[in-house]
Amino acid sequence: MGKTDWKAEAKALKKKVAKLREKVGEVVQDLPKVKAPNPVSPLAPAGGFPDLPVIDGVEFSAVAAGVRYANRTDVMLVRLAPGTAIAGAFTRSSTRAACVLDCQDKLASRVSAGAGAAIVVNSGNANAFTGKAGVASVKAVTGAVAQALDVPASRVFSSSTGVIGEPLPHDRIVASLDAAVDALDAGGIAMAARAIMTTDTFPKGASATVAGDGGPIRIAGIAKGSGMIAPDMATMLVYIFTDAKIGAPLLQKMLSRQVDDTFNAITVDSDTSTSDALIVAATGRSPAAEITARSAIARPFEAALRGVMLDLAQQVVRDGEGATKFVEVRVTSAASAEDAHKVAMSIANSPLVKTAIAGQDPNWGRIVAAVGKSGAKADRDRLSIRFGDILVAEKGWRAPDYREEDGAAYMKQPELIVSVDLGLGKGAKTVWTCDLTHRYIDINADYRS
């Protein structure tokens, strides 16, 4: 073989290798990735996932569809009994996902009495900012669920969570539905809670039981959320189920009344997602009498619903990305409730406050700065600041008996209370947040890999 022939053959081989590499890259890119779970948050509830009551009229399943990652359950399917009443609240983001818009439209429309319903959720892909393709994916998934469960498509509610701006591989979800239907189980709520996780480090569940007129009324809920958490309803995905007999309008009123002091009172990083939803479903299967606005049980039931909502909301904060501290921020004596909210959220969202807490530094000057920037009415000489029971500052200056070592010792605790009394009126607000650590950067820098 001559020198010229050898060079020509080598060049041809290089082209073949390049083409093979390109093809292999395309195949690998299309395959679900494998990713190890994040270490469990040190603030996770002791004992793991709670033992939730079975809600008559609800069945769950969870399957691995490979939406983004291999070997991970990533699709949750819920079948709801005929006649189930449904209420909801959703993110108010102006770039909310197609599934959120679809749920809102369906809840606003009339439904046939006695119709069944379903919820389908995927993790790994938010199907947000995906244009007409996103709408088509929602229709494909909800239509396939409707056919598989023999329920109206108008009663199939979907959610997606994960990476924004990438087309949803809905064919993988549709292909997994036969297995999901076969696996439906009234006792499958724990696996369902795991299927909706993204950067979460533990599944979240809460429950309550109320003594109704004629029998118990049970409530059980699950949630996902860890990052991109800020009040604008719902800041996460939440699904709450009850066997109560209650009409959808009253259920919606109760839900709406309790949103601001639960899911709208938490923040991890001040970022609101595009895809978040809260759905409450009441199957009416409890032996207890129907709940009406005038029922004696109406208030206890709403209080129990609020308790489940608050428990789930606080679990989201405890699972805040990289969190090591759970922080309650209490603001009292504000000129108005609106001002109390402004101050509380200014403190809870301040990177300076959150990093000081992470470093166990009782830097109360950062609290002062957060109050000042909030836009709320404040008077330097009237406000006071406390860490737990420790009076830190008052009357425009550090409290005479405050010792830095006491504040530093308090900051070492995993659960903290920061209180600010503005001394101006009767407005009050309590919110919950977490610290900000380098782990938050690590998680989000690696989110799409």
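**Figure 1. Cys434 and Cys103, two buried cysteines in the predicted model.** Cys434 has a relative accessibility of 1% and counts as buried, because the cut-off for burial is under 20%. Cys103 is likewise buried, and its relative accessible area is 1%. No disulfides are present in the structure, the count being zero. Cys103 accordingly takes part in no disulfide, and the nearest cysteine sulfur, belonging to Cys99, is 6.4 Å away.

**Figure 2. The buried residues of helix 2 and their cover.** Helix 2 comprises residues 98-108. Its buried residues are Ala98, Cys99, Val100, Asp102, Cys103 and Lys106. The elements that cover these buried residues include two strands, strand 3 (85-90) and strand 5 (156-163), together with helix 3 (131-149).

**Figure 3. The contact between helix 10 and helix 11.** Two packed helices are described by the angle between their axes and by the distance between the axes. Here the axes of helix 10 (residues 351-358) and helix 11 (residues 364-373) come within 9 Å and cross at roughly 160°. Angles over 145 degrees count as roughly antiparallel, and helix 10 and helix 11 are therefore roughly antiparallel to each other. Their crossing is left-handed. Helix 10 contributes Leu352, Val353, Thr355 and Ala356 to the contact, while helix 11 contributes Arg366, Ile367 and Ala370. Sorted by class, the residues of this contact are five nonpolar, one polar and one charged.

**Figure 4. Phe301 of helix 8 and its surroundings.** Phe301 belongs to helix 8, which spans residues 298-318. With a relative accessibility of 1%, Phe301 counts as buried. When neighbours within four places in sequence are left aside, the residues in contact with Phe301 are Val210, Ile217, Ile219, Thr242, Ala244, Ile246, Leu251, Met254 and Ile291. One of these, Ala244, lies 57 residues from Phe301 along the chain, and the C-alpha atoms of the pair are separated by 8.9 Å.

**Figure 5. Arg318 of helix 8 and its contacts.** Arg318 is also found in helix 8. Its relative accessibility is 16%, so Arg318 counts as buried, the cut-off being under 20%. With neighbours within four places in sequence again left aside, Arg318 is in contact with Ser41, Leu43, Phe202, Phe326 and Glu415.

How values were computed. Residues are numbered from 1 along each chain as its sequence is written. This is a predicted model: local features need pLDDT of at least 70, side-chain atom pairs count only at pLDDT 80 or more; totals for chains, interfaces and linings use all residues. Side-chain values use heavy atoms; hydrogens and water are left out. A disulfide is a pair of cysteine sulfur atoms within 2.5 Å. Buried means under 20% relative accessible area, exposed over 50%, partly exposed in between (1.4 Å probe, protein chains only). Helices (H or I, at least four residues) and strands (E, at least two) are DSSP runs, numbered from the N terminus. Contact means heavy atoms within 4.5 Å. Axes are lines fitted to C-alpha atoms, for helices over the stretch in contact, and angles run from 0 to 180 degrees between N-to-C directions. Angles under 35 degrees count as roughly parallel, over 145 as roughly antiparallel, 65 to 115 as roughly perpendicular and the rest as oblique. A crossing is left-handed if the near helix is turned anticlockwise from the far one by less than a right angle, and right-handed if clockwise. Ala, Val, Leu, Ile, Met, Phe, Trp, Tyr, Cys and Pro count as nonpolar, Asp, Glu, Lys and Arg as charged, and the others, Gly among them, as polar.
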